[in-house]
Amino acid sequence: MNRLLDGVAAIGRTLLGTCRLTGRIALFGLDGLSNVVRPPVYGRLCLHAFLDIGYYSLPVVALTAVFTGMVLALQSATGLSRFNAESAVANLVVLSITRELGPVLAGLMVAGRAGAAMAAELGTMRVTDQIDALSTLSTNPMKYLVTPRLLGGLLALPLLVLVADILGVLGGFVIATVKLGFNAEVYLSNTLDFVRTDDVVSGLVKAAVFGFLVALMGSFNGYNSRGGAQGVGAATTNAVVSASVLILAFDYVLTELFFAR
Amino acid sequence: MTDTPKIRIRGLRKAFGDKLVLDGIDLDVAPRTSMVVIGGSGTGKSVLLKCVLGLIEPDAGSIEIDGQDVLRMDRRAAEQQRARIGMLFQNGALFDSLPVWENVAFGLLARHKTDRRHARARAEEVLGQVGLAASVGALWPSELSGGMQKRVALARAIAAQPDILFFDEPTTGLDPIMGAVIDNLIVDCVKRLGSTAVAITHDMASARRIGDRAAMIHKGRIVWEGPATELMDCGNAVVDQFTHGRHQGPIQMELRR
């Protein structure tokens, strides 16, 4: 009986701990975002964060998108040929890329690159007293360090995903026309006729949410890291893992919101 | 010397979980004097400074600066009061992502909205006051030695000409000669600015060089306070054991329990 109660107590503690952590993350995010409308606004830092998350992630996101589009075209051509539906390859590629794979894969790549870097940088600043030093120099660390990163993530990822969408479709187009023998004009016309504005826009909205989540988890874990090098390492791992899981969870929620009939 | 202390701390308590770190600290620091706080590792010296700076919220007590309790002010007023404090962190805490001159001028740019050209000129002037060439301003913190980093951190702390200066272990990690250089710079800066200084240290030579007065924290309380010149021979058993680094004495007895 005691063992059973211990088990229930452990589950309760975990549940309460998760609720507390969720609340802390939510308050941290709100605090960070609320600084957007309160001066001073650090424009240079916002631009720096935007470039760091967006521009410098472009190569890895572009490569991921191109190869994903190529694989998608190959796989769908093989699968659809069983139903004599090869003509749907272009439609399948463009829908998969714009609605799902573009934002999700870009989000995961940015989480691994920029989210980890944010957590490591802020974590190092925390354990070397640099964040405390900011406070003693009349600078709000949340406004100076976190708000630019949240804004950068929110704004950069949609642009990255737009590029990823184009490159992903291009990857599919190259494989379809060069390897699978599709007519280039027909493939392009199938793609452009089939894709709708809301397919692309839904993907961009997802991208904005994922970008915010990556920046939020990177900043939260780094800002609250403790205990020297080991703490910074743990913060970096937590930032990437939690952002990746949240991206997949929110992908489901947003898909349900956009497309469930 | 006036009757009102520059800093008056009364009944300051702070616990982390069930570990009581500060157990009713009472301390006065007179205007334009230097107070050195000594004590063993983990006795709460840094926590005391961080409570005054507003980086840690104490559980109870009062902290008055110029007679005004910063714990009972609204946030903006407390921030303004604390903006008059300059702080030298133990490891320098220089911002890696900024060149040296921007580190030094950070408070001027953030607090006083000085334009960048004037802020750089002021930073180079202050670097000169701590014995560094203006060309050091263009370097990055990672390119500096430990002693130079401490000097840059000192320059950052004094750049905005604060009323109060805090020094957290200013000579830790430095060789004795560089430690003496930093101590002399600290004394010079405090005198030149007419500031009130509080330093925490383990280094007895540093304590005697910097301090006008000294206090010792033990078990979360101030167990002795007096002139820094009496530090090595004050007659308090705890202070004597600590300052002479003896194995035997009340501090060791407590560790054995």
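## A serine in a loop of chain A

A polar contact is a pair of N or O atoms within 3.5 Å, where, within protein, one atom must be able to donate a hydrogen and the other to accept it. Keep that idea in mind as you look at this predicted model, starting with A:Ser225. You will find A:Ser225 in the loop between helix H8 (197–223) and helix H9 (228–259) of chain A.

Which backbone oxygens does the side chain of A:Ser225 reach? One belongs to A:Gly222, whose backbone oxygen lies 3.1 Å from a polar atom of that side chain. Another is the backbone oxygen of A:Gly123, at 3.5 Å.

Is A:Ser225 buried or exposed? Its relative accessible area is 4%, and buried means under 20%, so A:Ser225 counts as buried. Setting aside neighbours within four places in sequence, its contacts are A:Gly123, A:Arg126, A:Val127, A:Gly231, A:Val232 and A:Ala235.

## The four-stranded sheet of chain B

Now move to chain B. Here an open sheet of four strands has the order S2-S1-S4-S5, with antiparallel pairing. At its edges are strand S2 (19–29) and strand S5 (68–69), each of which pairs on one side only.

Strand S1 (residues 7–16) and S2 of chain B run antiparallel and are joined by eight bridges. One residue to look for is B:Arg13, whose bridge partner in S2(B) is B:Asp23. S1(B) and S2(B) form a hairpin with two residues between them, and B:Gly17 in the turn has a positive phi of about 65°.

At the other edge, two bridges join strand S4 (residues 60–65) of chain B to S5(B), again in the antiparallel sense. There, B:Ile65 stands opposite B:Gln68 of S5(B). As you trace any of these strands, it helps to know that in a regular strand the side chains alternate between the two faces of the sheet.

## The six-stranded sheet of chain B

Chain B also holds an open sheet of six strands, in the order S6-S7-S8-S3-S9-S10, with mixed pairing. Its edge strands are S6 (85–88) and S10 (221–227) of chain B, and each pairs on one side only. On average, neighbouring strands of this sheet are turned by 15° against each other, direction ignored.

How do S6(B) and S7(B) pair, parallel or antiparallel? S6(B) and strand S7 (residues 164–168) of chain B pair in the parallel sense, over four bridges. You can spot this pairing at B:Ile85, whose bridge partner in S7(B) is B:Ile164.

## A buried arginine

B:Arg151 lies in helix H5 (residues 146–158) of chain B. This arginine is buried yet has no salt bridge: the nearest side chain of opposite charge, B:Asp175, is 9.3 Å away. A salt bridge needs the charged atoms within 4 Å, so B:Asp175 does not form one with B:Arg151.

What does the side chain of B:Arg151 reach instead? It reaches the backbone oxygen of B:Val130 at 3.3 Å. Leaving out neighbours within four places in sequence, the contacts of B:Arg151 include B:Val130, B:Gly131, B:Leu132 and B:Met178.

## A valine before helix H5

B:Val136 sits in the loop between helix H4 (116–129) and H5 of chain B. With a relative accessible area of 8%, B:Val136 is buried, because buried means under 20%. Not counting residues up to four places away in sequence, B:Val136 touches B:Val100, B:Leu144 and B:Met148.

How far apart are B:Val136 and B:Gly107 in sequence and in space? They are 29 residues apart in sequence and 18 Å apart in space, C-alpha to C-alpha.

Definitions and conventions:
Residues are numbered from 1 along each chain as its sequence is written. Chains are lettered from A and ligands numbered from 1 in the order in which they are written. This is a predicted model: local features need pLDDT of at least 70, side-chain atom pairs count only at pLDDT 80 or more; totals for chains, interfaces and linings use all residues. Side-chain values use heavy atoms; hydrogens and water are left out. Two strands pair if DSSP finds at least two bridges between them. Axes are lines fitted to C-alpha atoms, for helices over the stretch in contact, and angles run from 0 to 180 degrees between N-to-C directions. Buried means under 20% relative accessible area, exposed over 50%, partly exposed in between (1.4 Å probe, protein chains only). Lys and Arg count as positive and Asp and Glu as negative; His and the chain ends are not counted. Contact means heavy atoms within 4.5 Å.
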